[in-house]
Every structure is written in C-alpha cells, then in structure tokens.
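Subject: Structure handover

Hello,

Here is the structure for you to look through. Please open it first, then read the notes below.

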Amino acid sequence: MHRRTKALQISPDVKRRVYERDGRCILCHRPGSPDAHYIPRSQGGLGIEKNIITLCPSCHMAYDQGFARRELGIEIRAYLMKCYPDWDEADLVYRKDKR
C-alpha cells in the first residue's frame, strides 16, 4: 500500500477514539459514524483524530457533496478547535517530506 494512501485511511483505533470523543453527529446530534474527514482525502486530509469527526449520513453527505460545505466547515472547525487547543489545519494534511 502506498504511504500516502495509508496516511489518509482512518484506523479502527482512531475511529474508536473519535466516537468516544463525539458520541453522535457533531452537527445534528443524531447517531452517526466517525468516518468523516474535515480536510478531505482528495486534498491530502490525514486519517488522524484531529481531522476526523462523527457525522450522520445526512450531514456527511451535505458536507461531502458541497451544497453546505462552507457553512458546515465553519461549525466543524470550531468544534475541533474546542476539542484540541493546539489544533492547526496545517497539521492535518499529508506532506511527503514529513510522513
């Protein structure tokens, strides 16, 4: 498996920790899954806790499909910043020279 592909995947351990952190969809509070990237894989978003959130299928689709991406991204960013005082978007993207 390519190093970048592996870095962008969400491990079972990360999914478990994210679900424990979130519990439900962080946007609408319905049941959800911890498998949404704040910074998408297509843009090099890593499969790490600080980039993964729990979303229900509806919110995940709304965020991924773009029709509400900007507004939802603002909410998700604020949530992650609250969870991690040292949160920095630059740390969430795969860089060949750092991984």
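First, a term. Helices and strands are DSSP runs, numbered from the N terminus; a helix (H or I) has at least four residues, and a strand (E) at least two. With those names, H29 can be placed: it lies in the loop between α2 and β1.

The model is predicted. Confidence comes as pLDDT, and the protein chain averages 93. At least 70 is reached by 97% of the residues. Among the elements of the chain, β2 has the highest mean pLDDT, 98. Helix α1, residues 3-8, has the lowest, 80. Keep a general rule in mind: where pLDDT is low, do not read the predicted coordinates in detail.

**Helix α2**

Which residues of α2 are buried? In this helix, residues 12-22, they are V14, V18 and D22. These residues sit on the same side of α2, because they cover an arc of only 55 degrees around the axis. The spacing rule for helices helps here. An α-helix has 3.6 residues a turn, so residues three or four places apart point the same way.

What covers the buried residues of α2? The cover includes β1 (33-37), β2 (52-55) and α4 (69-83). Now turn to the other side of α2. There, P12 and E20 are exposed.

After α2 comes G23. Its phi is positive, near 80 degrees.

**H29**

Go back to the loop between α2 and β1, where H29 lies. H29 also has a positive phi, near 70 degrees, and H29 is not a glycine. Is H29 buried or exposed? H29 counts as exposed because its relative accessible area is 55%, and the cut-off for exposed is over 50%.

**Q65**

Q65 is found in helix α3, residues 57-65. Its relative accessible area is 58%, so Q65 is exposed too. Compare its position with E49. The two are 16 residues apart in sequence. In space, they are 22 Å apart, C-alpha to C-alpha.

**The largest pocket**

The largest pocket has a volume of about 190 Å³. Which elements give two or more residues to its lining? They are β1 and α3. The lining includes D35, H37, H60 and D64. L8, Q9, I10 and K15 are also among the lining residues, as are P40, R41 and S42. By type, the lining divides into three nonpolar, four polar and four charged residues.

Best wishes

Technical notes: Residues are numbered from 1 along each chain as its sequence is written. This is a predicted model: local features need pLDDT of at least 70, side-chain atom pairs count only at pLDDT 80 or more; totals for chains, interfaces and linings use all residues. Side-chain values use heavy atoms; hydrogens and water are left out. Buried means under 20% relative accessible area, exposed over 50%, partly exposed in between (1.4 Å probe, protein chains only). The arc is that of the directions from the helix axis to the C-beta atoms. Contact means heavy atoms within 4.5 Å. pLDDT is the predictor's confidence in each residue, from 0 to 100. On a 1 Å grid over the protein atoms alone, a cavity is a set of points where a 1.4 Å probe fits but cannot get out, and a pocket is an open set with protein on both sides within 12 Å along at least five of seven lines; lining residues have an atom within 4 Å of a point. Grid points are joined across faces, edges and corners, and a volume is the space filled by probe spheres set on the points. Ala, Val, Leu, Ile, Met, Phe, Trp, Tyr, Cys and Pro count as nonpolar, Asp, Glu, Lys and Arg as charged, and the others, Gly among them, as polar.
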